[in-house]
Amino acid sequence: MKLTKLLTYLMAEPVQNDFHDPDITSIEMDSREVRKGSLFVCIKGYTVDGHDFAQKAAENGAAAIVAEKELDVDIPVIIVRRSQRALSVLSDAFYGQPTKKLQLIGITGTNGKTSTTHMVDEIFKKAGRQTGLIGTMYIKIGDETFPVKNTTPESVTLQKTFKKMNDEHVDTAIMEVSSHALSLGRVHGCDYDIAVFTNLTQDHLDYHKTMEDYRQAKSLLFSQLGGSFNHEKPKRAVLNADDKASAYFERVTAAHILTYGIENDADVMAKQIEISAQGTSFELVTPKGTKQITVSLVGRFNVYNVLAAAATAIAAGLPFDTITSALEELQGVRGRFELVNHNQPFPVVVDYAHTPDSLENVLNTCKDMTEGKLFVVVGCGGDRDKTKRPKMAEIAVRIADEPIFTSDNPRSEDPLAILRDMERGVEGTYYHSIANREQAIFFAIANAKKGDVVLIAGKGHETYQQIGNETFDFDDAEVAGRAIVELNKK
C-alpha cells in the first residue's frame, strides 16, 4: 500500500523530510523486525521508548517513521499526537479492516476469560463454524496454534492475525480482551459483535491503581460496541447478572443486553446445581429452552463460565440443541482445575488462580472434595500488585489446612521480600514458607495422605518461571508429576 493512501486514515501533522510516496510492505513497532519498505511506529513502552530506535529502523530499511516528535533521521517522519492510537488505525487499514469480515466475540473480566473463550470456541465449532481464538495460552486459527506474548496482542499483531483468519476462511473469532489492551488502545479498530463480561475482582492494581479505574478500563469493550442499531449485524453485550459491575457496563453500552447468572434473575440461568469430584449437573434455563445438563467440569466458578458461553452462543443465534450438546462434551482447559494423576492416593490439582477471588473459588471447590487435609501451594508474582499479597495469604490460611507460601514469577523482586508481604497478612497463624517453588510442590505432595487434596495455584498452563532477568523452564503439572513418582517409589 502506498504511504499517501495509508496516511489518509490518519489526522497527522505535516511530514518531516520529503518523500516520493514509497510502497509500505509492513508495519512494525520493533526496529529489529524492520525490513526494506517497513513503516516503523515509535511506541513508548514501560521500559523502552521506540523513538530511541528510530535511527536503527532507518538503517534496517524503513521507508518512513510514525512518531510523536521530530527525529534526527533522513527518512520521512509522520508526526502524530499518540503513536499507539496511530498504530491501531494504520494496522487496521493496512490489513484491510479484517474484523469487518468476522463475527468477533470479545471476552473480558478478571477471571474465567480463558475457560470461557475455549468453551465458546467448542460450541461454535459444533455449530459448523470455522473459528479462530486469541488468548492467554496461544493464538489458534483452525487447528493450528501460534505462541503469544500478551493475553491481548499489540494492535499490529492483532490485525495481522485477523487478516490471516480471513485468508484461512475463518468466520468467527473469539478473543480474551485484557484491561491493559483496552486502556492502551490495542483493540482500537476491532469491530466487535458480541462483548462478554465474566466478573470483576481485584487484579492489576499496580497498573490501574483503583478498582474504579480497573472497571472503567473493562467498560471500554462495551462502550466501543458503538451507538447504532444495525439489524443486519446487531451488537450484543453478555453480562453477569450476579456481578455488581454489570450495572455499570449496561449503562455505558447501546448494545442489546443478554444476562446470565445463578443468584439473581437472568436470561440464562443455572438451577438445582449439583457438584461432585467427577463433574457438575444443573438445569440450564434459557430463552431458547430448558434442559438438565452434566458437564465434566468441577466447581461453581465453572458453572458461571458455562453460563457465559451458553449466553454468548444464544446471543449469536446458535441452535439450543447444538449449544447443550457441545457443553456436555466439554473437556477442561490446561492449567484450569487440571488434575495431575499418576496413581497417587489423593487428588492433585493445578490451577491458574492468581487473584484473591479466583484463589478463594478454587480453594472452596477443593475443600468440598477433601476428606482429610487441604494443601495449597501459592505465591504472588513480582513487580505486580503488592496489595493482593496479604489477601492471598489470608485466604490460603483461612481455607486450607496446610498453606504453603512460595515463589510465583518473582521477576526483579527478592522472592523472600514477596513472602514477607504475604506473611504480614497472616501473622500469628499456621503456614509454611518455602521460597523454592519446586521444593514447595515436593513438600506438599510428600506430606499428603489418602483423603487429602493438594492444590498448586497461580501458574496453571505456564511453562516458565521468571527469576530476575532470566526465564527458566517450569511447569507445575510436570513438577507435580515428578513429585508423585518419587512418592510412589517410597
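1. A quick definition before we start: a residue is called buried when its relative accessible area is under 20%, exposed when it is over 50%, and partly exposed in between. Keep in mind too that this is a predicted model. With that cut-off in hand, Glu68 is easy to place: its relative accessibility is 28%, so it counts as partly exposed.

2. Glu68 is a good place to begin with the charged pairs. There are 30 salt bridges in the structure, and one of them joins the side chains of Glu68 and Lys44, with N to O at 3.7 Å. Glu68 sits in the loop between strand 4 (64–67) and strand 5 (77–79), while Lys44 sits in the loop between strand 3 (38–41) and helix 2 (54–59), so this pair ties together parts that are 24 residues apart in sequence. Lys44 is exposed, at 53% relative accessible area.

3. Now for a pair inside one helix. Asp121 and Lys125 form a salt bridge, and their closest N and O atoms are 3.7 Å apart. Both belong to helix 4 (residues 113–126), where they are 4 residues apart, or about one turn of the helix. Asp121 is buried, with just 1% relative accessible area, whereas Lys125 is partly exposed at 32%.

4. Have a look at Asp475 and Arg334 as well. Their side chains meet in a salt bridge at 2.5 Å, N to O. Asp475 is in the loop between strand 24 (470–473) and helix 16 (476–489), and Arg334 is in the loop between helix 11 (320–328) and strand 17 (338–339), so the pair links parts that are 141 residues apart in sequence. Asp475 counts as buried at 16% relative accessibility; Arg334 is partly exposed at 29%. Elsewhere, salt bridges with shared partners join Lys386, Arg389, Glu413, Asp421 and Arg424 into one network.

5. Two members of that network turn up again where helices pack. Helix 13 (residues 388–399) and helix 14 (residues 415–423) have axes that come within 7 Å and cross at roughly 65°. The crossing of helix 13 past helix 14 is right-handed. On the helix 13 side the residues are Arg389, Pro390 and Ala393, and they meet Ile418, Asp421 and Met422 of helix 14. By class, this contact has 4 nonpolar, no polar and 2 charged residues.

6. Next, how do helix 15 and helix 16 pack, in angle and axis distance? Helix 15 (residues 437–447) lies at about 45° to helix 16, and the axes are 9 Å apart. That angle makes helix 15 oblique to helix 16. Helix 15 passes helix 16 in a right-handed crossing. Helix 15 brings Arg437, Glu438, Ile441, Phe442, Ile445 and Ala446 to the contact, and the helix 16 residues there include Asp476, Val479, Ala483 and Leu487. Sorted by class, the contact of helix 15 with helix 16 has 9 nonpolar, no polar and 5 charged residues.

7. Last, a couple of backbone details in the loops. Asn343 has phi near 65°, which is positive in a residue other than glycine. Asn343 is in the loop between strand 17 and strand 18 (348–351), and it is exposed at 72% relative accessible area. Asp383 also has a positive phi, near 60°, and is not a glycine either. You'll find Asp383 in the loop between strand 19 (374–380) and helix 13, partly exposed at 34% relative accessible area.

Definitions and conventions:
Residues numbered from 1 in each chain as written. Predicted model: local features only at pLDDT ≥ 70, side-chain atom pairs only at ≥ 80, totals over all residues. Heavy atoms only, no water. Salt bridge = Lys/Arg side-chain N within 4 Å of Asp/Glu carboxyl O. Helix = DSSP H or I, 4+ residues; strand = E, 2+ residues; numbered from the N terminus. Buried < 20%, exposed > 50% of the residue type's maximum accessible area, 1.4 Å probe, protein only. Axes fitted to C-alpha atoms, helices over the stretch in contact; angles between N-to-C directions. Parallel < 35°, antiparallel > 145°, perpendicular 65-115°, else oblique. Left-handed = near helix turned anticlockwise from the far one by under 90°. Contact = heavy atoms within 4.5 Å. Nonpolar A, V, L, I, M, F, W, Y, C, P; charged D, E, K, R; others polar.
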